[in-house]
Every structure is written in structure tokens, then in C-alpha cells.
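Work through the exercises below with the sequence and the coordinates at hand, and try each task before reading its solution.

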Amino acid sequence: MSDGEQEDEKPFAVERAKTGRAKCKKCKCPIDKDQVRIAKLMANPFGEGKMKAWHHVSCLFEVFSRQRATTKRIENPEEDISGWDSLCDEGKDVVLEKLGEFEDAEPFKAAKVKAKSPKATAGAGTSKTNAASSSATPASKVANSAEKKKRRSVKTPAKNKPSKDDMFSEFQRICNELADHPSYLEKTAILKKMFTKGSEKGQC
């Protein structure tokens with residue numbers, strides 16, 4: 001395997017922008033000519049091999065801050081970045097400065113601590129979960145008992161006694177009375193009295 005192939009296997013690449021036409025994959029803004037840019041090597045969707053996704057230096061480290069802790073990031077520029085040896089000292093300083101800021105950031109430190117002591121973290125998380133569940137259980141019981149008491153205190157409305165007007169026998173009586181009167185005016189008067197006064201007061 002040649003040195004060039006080994007260089008290509010590195011997950012990142014760095015150089016100064018040659019034309020200023022390439023755009024940053026994160027912010028979508030052009031990377032100015034001669035500005036230091038870093039590429040993340042990604043699978044080429046159009047064929048074999050890998051393609052370079054160029055970023056501003058600051059944009060790439062913002063991407064690092066949002067990705068999973070297990071995802072590959074720059075740890076040792078000499079081992080992780082192709083073209084590092086060809087970069088001038090000023091360009092290297094730009095990358096190293098951002099790398100230092102990133103490693104000093106609180107989320108990154110917290111991730112390192114968790115990675116070093118997974119057992120302690122797991123134990124703490126379990127105890128916290130148990131404590132939370134034990135404290136939550138009585139609260140839920142209190143809420144359930146209060147809801148039950150509330151339901152018991154609400155009295156169901158008493159059913160109204162059916163009136164004479166609701167009985168089928170009364171309906172039959174009205175029908176028979178209507179059949180005895182051939183005039184439509186009389187039938188209308190009977191129904192009007194029935195609906196306005198009820199059967200007891202509306203009988204003719």
C-alpha cells in the first residue's frame with residue numbers, strides 16, 4: 001500500500017481553499033479562497049470510494065458538538081487529518097485552537113467522564129430512577145384515591161318518575177280520540193292541547 005492510499009484512509013482532510021467556490025456543508029456559505037478548510041470523508045452516493053464534505057473549521061467543530069460521543073471526531077490531527085503535514089503553521093494553529101476550545105467545552109468533558117466510569121454512572125442512574133419511582137408511587141396513589149372520592153361524592157341525579165304523557169296507554173287514548181273526530185280542525189285542537197297542557201289538562 002502506498003503512502004497516498006494511507007493518506008486517503010484518514011477520516012479528515014485539511015487544506016487552504018483553492019478557488020473560493022466550494023460551500024460549507026453546514027452553513028452553506030462559500031469558503032473564501034486561501035481560508036483553511038477541513039473535509040470529513042463520507043461515503044460517495046454516486047459511486048465507489050469516498051467524497052470530501054468541506055467545512056469551515058469552526059463549523060466542523062460545531063458538528064462535532066452535536067453528534068454522538070461514539071462518532072469519529074478529530075483527536076490527533078497528525079493521525080486523523082490527511083494534508084496536515086503540508087499545512088503551514090498558521091493554518092495548524094487555527095485548527096489546534098478550535099480543537100482546544102472543543103475539548104475544554106463542558107459537554108465534551110462530561111462525555112469523557114461518563115466514558116471513563118460507566119459502572120458508577122449506571123449505578124447512580126439506577127439509584128436515581130429507583131428513588132424517583134418510589135417517590136412517585138405514593139403521589140400517584142394519593143391522586144387515585146382523591147379521584148375515587150371525588151367520583152363517590154358526585155351524586156347521580158335521581159330519575160324522574162315517568163308522567164302519564166309518557167305512557168303507551170295514553171298514546172293509544174290520544175289516537176282513539178283523534179279517530180273519533182273526523183274534522184282536521186278538531187284533531188289539530190286535540191293535539192295542540194296535548195302538547196301544551198298535557199294529557200290530564202288537555203282532555204276534552
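**Exercise 1. Determine which residues of helix α2 are buried and which elements cover them.**

Solution. Begin with the extent of the helix in this predicted model: α2 runs over residues 57–66, and its buried residues are V57, C59, L60, F61 and F64. Next, look at what lies against these side chains; the cover of the buried residues of α2 includes the strands β1, β2 and β3, the last of these spanning residues 50–56, together with helix α4, which spans residues 89–104.

**Exercise 2. Classify the ring pairs that F61 forms with F64 and with F102.**

Solution. A search of the whole structure finds five aromatic pairs. One of them joins F61 and F64, with 5.4 Å centre to centre and 90° between the planes; because planes over 60 degrees apart count as edge-to-face, this pair is edge-to-face. Both residues lie in helix α2, three residues apart, which is about one turn of the helix.

The second step takes F61 with F102, whose ring centres are 5.9 Å apart and whose planes stand at 50°, so this pair is tilted. It links distant parts of the chain, since F61 belongs to helix α2 and F102 to helix α4, 41 residues apart.

The third step concerns accessibility, where buried means under 20% relative accessible area. F61 counts as buried because its relative accessibility is 6%, and F102 counts as buried because its value is 9%; F64 is buried as well. Finally, ring pairs link F12, F61, F64 and F102 into a cluster.

**Exercise 3. Describe the surroundings of P11, starting from its place in the chain.**

Solution. P11 lies in the loop between α1, residues 3–9, and β1. Its relative accessible area is 25%, so P11 is partly exposed. Leaving aside residues up to four places away in sequence, P11 touches A39, K40, L41, K72 and D80. A further distance concerns R73, which is 62 residues from P11 along the chain, while the C-alpha atoms of the two are separated by 8.5 Å.

**Exercise 4. Examine the phi angles of K28 and D34, and state how exposed each residue is.**

Solution. K28 has a positive phi of about 65° although it is not a glycine, and D34, likewise a residue other than glycine, has a positive phi near 70°. To place them, note that K28 lies in the loop between β1, residues 12–16, and β2, residues 36–43, and that D34 is also found in the loop between β1 and β2. For accessibility, exposed means over 50% and buried under 20%, with partly exposed in between. K28, at 54% relative accessibility, therefore counts as exposed, whereas D34, with a relative accessible area of 47%, is partly exposed.

**Exercise 5. Which residue lies over the face of W54, and at what distance from the ring centre?**

Solution. The residue is R37, which lies over the face of W54 at 4.0 Å from the ring centre.

**Exercise 6. Decide where the coordinates call for caution, using the pLDDT of the chain.**

Solution. The protein chain averages a pLDDT of 77, and 65% of the residues score at least 70. Over residues 1–7, however, the pLDDT is below 50, and beyond near neighbours in sequence this stretch has four contacts in the model. Where pLDDT is low, the predicted coordinates should not be read in detail.

Terms used:
Residues are numbered from 1 along each chain as its sequence is written. This is a predicted model: local features need pLDDT of at least 70, side-chain atom pairs count only at pLDDT 80 or more; totals for chains, interfaces and linings use all residues. Side-chain values use heavy atoms; hydrogens and water are left out. pLDDT is the predictor's confidence in each residue, from 0 to 100. Contact means heavy atoms within 4.5 Å. Helices (H or I, at least four residues) and strands (E, at least two) are DSSP runs, numbered from the N terminus. Buried means under 20% relative accessible area, exposed over 50%, partly exposed in between (1.4 Å probe, protein chains only). Rings of Phe, Tyr and Trp (its six-membered ring) pair if their centres lie within 6.5 Å; planes under 30 degrees apart count as stacked, over 60 as edge-to-face and the rest as tilted. A charge sits over a ring if NZ of Lys or CZ of Arg is within 6 Å of the ring centre and within 35 degrees of the ring normal.
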